Amino acid sequence: MPELLTSNTFATHAVAAAGSVALGTVLSYSLDTFKVLIQVCSGSRKRLSMAQILDRVRVISGYSGSGRPPPVSNVRRLSDVISLEGWGALWRGLRPGLVQDSIFGGIFFSSWQFLHGAMMEWKAAGMDPIPRFDEEIGPSSPVAISLAAGVSGIVAAAASHS
């Protein structure tokens with residue numbers, strides 16, 4: 001286990017996890033906003049498509065978006081907010097969400113790597129000769145993997161959602 005902390009594997013996995021979560025959040029944030037707009041703007045009889053939502057946002061606020069948000073007391077419909085805030089509203093809150101998701105992903109995958117290494121060392125404790133690779137030890141049980149992932153998720157959620 002001390003080798004894990006001194007090697008570059010731990011840091012590499014942490015950076016890769018944070019980067020992948022950041023990229024995924026940047027690419028999917030506006031799609032999630034459109035999904036919410038479709039859910040809110042669609043009635044029980046009429047369901048709006050993604051193209052219709054895009055066209056409504058483009059017609060009402062243009063490509064760059066302009067206007068100021070009204071006071072909260074004056075907002076009665078979601079379309080009022082969309083018409084005043086424009087395209088920039090699709091990525092509002094991206095930075096805090098990106099930071100939160102990056103912290104979660106980095107801590108989750110780093111702690112998972114740490115726990116996986118501990119499981120492999122524990123499983124290989126009585127083997128003779130001492131295995132040099134994880135493949136020589138064999139797979140862990142699904143229950144142990146699930147518990148390690150659960151603990152990693154708890155630690156990551158506690159650190160990123162505090």
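A residue counts as buried when its relative accessible area is under 20%, as exposed when that area is over 50%, and as partly exposed in between. Keep that yardstick in mind as we tour this predicted model. Let us try it at once on a glycine: Gly86 has a relative accessible area of 4%, so Gly86 is buried. Gly86 sits in the loop that links α4 (78–85) to α5. Along the sequence, Gly86 and Arg58 are 28 residues apart, yet their C-alpha atoms are 7.9 Å apart in space.

## The overall plan

Now step back and look at the whole chain. It has 7 helices and 0 strands, so reading from the N terminus you meet the pattern α-α-α-α-α-α-α. Of the 162 residues in the chain, 25% are buried. The chain exposes about 10,900 Å², and 64% of that area comes from carbon and sulfur atoms.

How do parts of the chain that are apart in sequence meet? Take the contacts between residues at least 6 apart in sequence: 62% of them join residues at least 24 apart.

## A nonpolar core

In soluble globular proteins, nonpolar side chains tend to be buried together. Which residues make up the largest nonpolar core here? There are 6 of them: Phe34, Leu37, Ile38, Leu48, Ile53 and Val57. Two helices, α2 (8–41) and α3 (50–61), each supply at least two residues of this core. The largest share, 3 residues, comes from α2.

Ile38 is a good member of the core to click on. Setting aside its neighbours within four places in sequence, Ile38 is in contact with Arg47, Leu48, Ser49, Met50 and Ile53. Two of these partners, Leu48 and Ile53, belong to the core as well.

## A nonpolar patch on the surface

Nonpolar residues also appear on the outside of this model. Leu23, Val26 and Leu27 make a nonpolar surface patch of about 280 Å². Leu27 is part of helix α2. Is Leu27 buried or exposed? Its relative accessibility is 56%, and because the cut-off for exposed is over 50%, Leu27 counts as exposed.

## Three phenylalanines together

Next, find helix α5 (residues 94–123), where Phe104 and Phe108 are 4 residues apart and thus separated by about one helical turn. The structure holds 2 aromatic pairs. In one of them, the ring centres of Phe104 and Phe108 are 6.1 Å apart and the planes meet at 10°, so this pair is stacked. Phe108 also pairs with Phe109: here the centres are 5.1 Å apart and the planes are at 85°, so the arrangement is edge-to-face. Phe104, Phe108 and Phe109 form one aromatic cluster.

How buried or exposed is each ring's residue? The table puts the three side by side.

| Residue | Relative accessibility | Class |
|---|---|---|
| Phe104 | 28% | partly exposed |
| Phe108 | 19% | buried |
| Phe109 | 37% | partly exposed |

Phe108 is a nice case for practice: its 19% falls under the 20% cut-off, so Phe108 is classed as buried.

## Two buried serines

Serines can be buried in this model too. Ser110 is located in helix α5, and with 6% relative accessibility Ser110 counts as buried. What does Ser110 touch, leaving aside its neighbours within four places in sequence? Its contacts are Phe10 and Ala14.

Ser152 lies in helix α7 (residues 142–160). Its relative accessible area is 0%, so Ser152 is buried. Beyond its neighbours within four places in sequence, Ser152 is in contact with Phe108, Ser111, Trp112 and Leu115. Phe108 is familiar from the aromatic cluster described above.

## A peptide bond to look for

Most residues other than glycine have a negative phi, and most peptide bonds are trans. Against that background, look at the bond between Asp128 and Pro129: this peptide bond is cis, with omega about 0°. Pro129 is found in the loop between α5 and α6 (134–137).

Notes
Residues numbered from 1 in each chain as written. Predicted model: local features only at pLDDT ≥ 70, side-chain atom pairs only at ≥ 80, totals over all residues. Heavy atoms only, no water. Core = buried A, V, L, I, M, F, W, Y, C linked by side-chain atoms within 4.5 Å. Buried < 20%, exposed > 50% of the residue type's maximum accessible area, 1.4 Å probe, protein only. Contact = heavy atoms within 4.5 Å. Areas by Shrake-Rupley, 256 points an atom, 1.4 Å probe, with all protein chains shown as cover. Patch = residues over 30% accessible without salt bridge, like charges linked within 9 Å, V, L, I, M, F, W, Y side chains within 5 Å. Salt bridge = Lys/Arg side-chain N within 4 Å of Asp/Glu carboxyl O. Phe/Tyr/Trp six-rings, centres within 6.5 Å; stacked < 30°, edge-to-face > 60°.
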